[in-house]
Amino acid sequence: MDSDVSDTQAAEGDTQATDETITQATPETDTRATTGLIMCGGEGSRLRPAAGDTEKPLVTVGGEPMIDRVVAALQASSLTTIVAAVSPATPVTAAHLAEIEGVDLIETAGEGYVADLTEALAACDSPTVTVTADLPLLTAAHIDRAIAAAGDDSLTVCVPASLSEELGLSAEPTHDHDGTPVVPTGLNIVGDAGERTAVWRAPRLAANINRPADYRVVEAWFDGDTPTKF
């Protein structure tokens with residue numbers, strides 16, 4: 001049976017978060033994820049109108065490739081192992097990551113996100129933190145909070161769809177959670193026990209760069225050209 005967590009306490013840097021009730025307590029367990037897996041093998045075709053032919057993980061946001069920001073967040077967290085899954089669609093990303101100390105590479109077949117994720121997870125310890133390469137505002141606080149909340153469960157971290165819309169970000173894909181539309185953030189824990197969902201009002205996690213409009217919103221924030229707060 002699924003167990004769900006509604007939790008909107010702010011992680012570091014989440015300036016618009018508000019408090020809500022946690023509907024189920026964090027499980028008491030000594031099991032914690034120690035491995036972080038970055039999925040960076042997608043073609044990123046939806047972002048090409050803004051990024052051109054640059055491989056999506058290497059698209060520069062705030063003067064730095066998105067993948068570098070994600071790696072930095074993972075390295076600053078409690079995780080001890082960081083792995084990046086690349087594919088034939090991201091050879092330049094693979095070469096870039098090979099130069100970063102402390103990041104191991106897994107080459108997947110590039111047969112789609114789910115297939116590549118399954119292939120990469122087979123080489124990782126469980127539970128594993130999984131994160132997409134297009135979350136440039138991800139912080140170590142987000143990661144450690146998810147680890148603590150999950151224990152040895154699987155955890156899907158979402159934000160309310162209304163938050164994405166408020167920020168001018170694409171709210172997709174949208175799922176129903178307890179009658180509220182939510183958007184998966186790309187930050188998850190893959191564990192061995194139950195499956196749960198955490199809904200956080202976390203503006204920085206809502207900044208998943210999928211489309212040109214998302215890119216423009218985040219770039220404007222870095223440039224100081226918008227009242228939007230992350």
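Is D153 buried or exposed? I looked this up before anything else, and D153 turns out to be buried, with a relative accessible area of 10%. I note for what follows that the model is a predicted one.

**Entry: overall picture and confidence**

I started from the whole chain, for which I find eight helices and eleven strands. Of its 230 residues, 51% count as buried, and the accessible surface comes to about 10,200 Å², with 47% of that belonging to carbon and sulfur atoms. Turning to contacts with a separation of 6 or more, I see that 72% of them are between residues 24 or more positions apart.

I then checked the confidence, which averages a pLDDT of 86 over the protein, with 85% of the residues scoring at least 70. Among the elements, helix 2 (residues 66–76) has the highest mean pLDDT, at 98, while strand 1 (residues 5–6) has the lowest, at 44. Over residues 1–28 the pLDDT stays under 50, although the model has 69 contacts beyond four places in sequence for this stretch. I leave the details there alone, because predicted coordinates should not be read in detail where pLDDT is low.

**Entry: salt bridges**

I counted five salt bridges in the structure, and I wrote up three of them.

I came back to D153 here, since its side chain meets that of R196 in a salt bridge, at 3.0 Å from N to O. R196 belongs to strand 11 (residues 195–199) and D153 to the loop between helix 5 (140–150) and strand 8 (154–160), so this pair ties together parts that are 43 residues apart in sequence. R196 counts as buried at 3% relative accessibility, and D153, as noted above, is buried too.

My next pair was E166 and R201, which form a salt bridge whose closest N and O atoms are 2.7 Å apart. Because E166 lies in helix 6 (residues 161–167) and R201 in the loop between strand 11 and helix 7 (203–206), the bridge ties together parts 35 residues apart in sequence. I checked the cover of R201 as well, and at 18% relative accessibility R201 counts as buried, the cut-off being under 20%.

For the third pair I looked at R211 and E172, whose side chains meet in a salt bridge at 2.5 Å, N to O. This pair also links distant parts of the chain, with R211 in the loop between helix 7 and helix 8 (212–223) and E172 in the loop between helix 6 and strand 9 (175–177), 39 residues apart. Here I found both partners partly exposed, R211 at 34% relative accessibility and E172 with a relative accessible area of 25%.

**Entry: T35 and its surroundings**

Which residues does T35 touch, not counting those up to four places away in sequence? I placed T35 in strand 2 (residues 35–39), and I find that T35 touches L79, T81, V83, C124, D125, T128 and V129. With a relative accessibility of 2%, T35 counts as buried.

**Entry: cysteines**

How many disulfides does the structure hold? I find zero disulfides, a disulfide being a covalent bond between the sulfur atoms of two cysteines. I also looked up the cover of two cysteines: C40 counts as buried at 2% relative accessibility, and C158 counts as buried at 4%. A further cysteine, C124, I had already met among the residues that T35 touches.

How values were computed: Residues numbered from 1 in each chain as written. Predicted model: local features only at pLDDT ≥ 70, side-chain atom pairs only at ≥ 80, totals over all residues. Heavy atoms only, no water. Salt bridge = Lys/Arg side-chain N within 4 Å of Asp/Glu carboxyl O. Helix = DSSP H or I, 4+ residues; strand = E, 2+ residues; numbered from the N terminus. Buried < 20%, exposed > 50% of the residue type's maximum accessible area, 1.4 Å probe, protein only. Contact = heavy atoms within 4.5 Å. pLDDT = per-residue confidence, 0-100. Disulfide = S-S within 2.5 Å. Areas by Shrake-Rupley, 256 points an atom, 1.4 Å probe, with all protein chains shown as cover.
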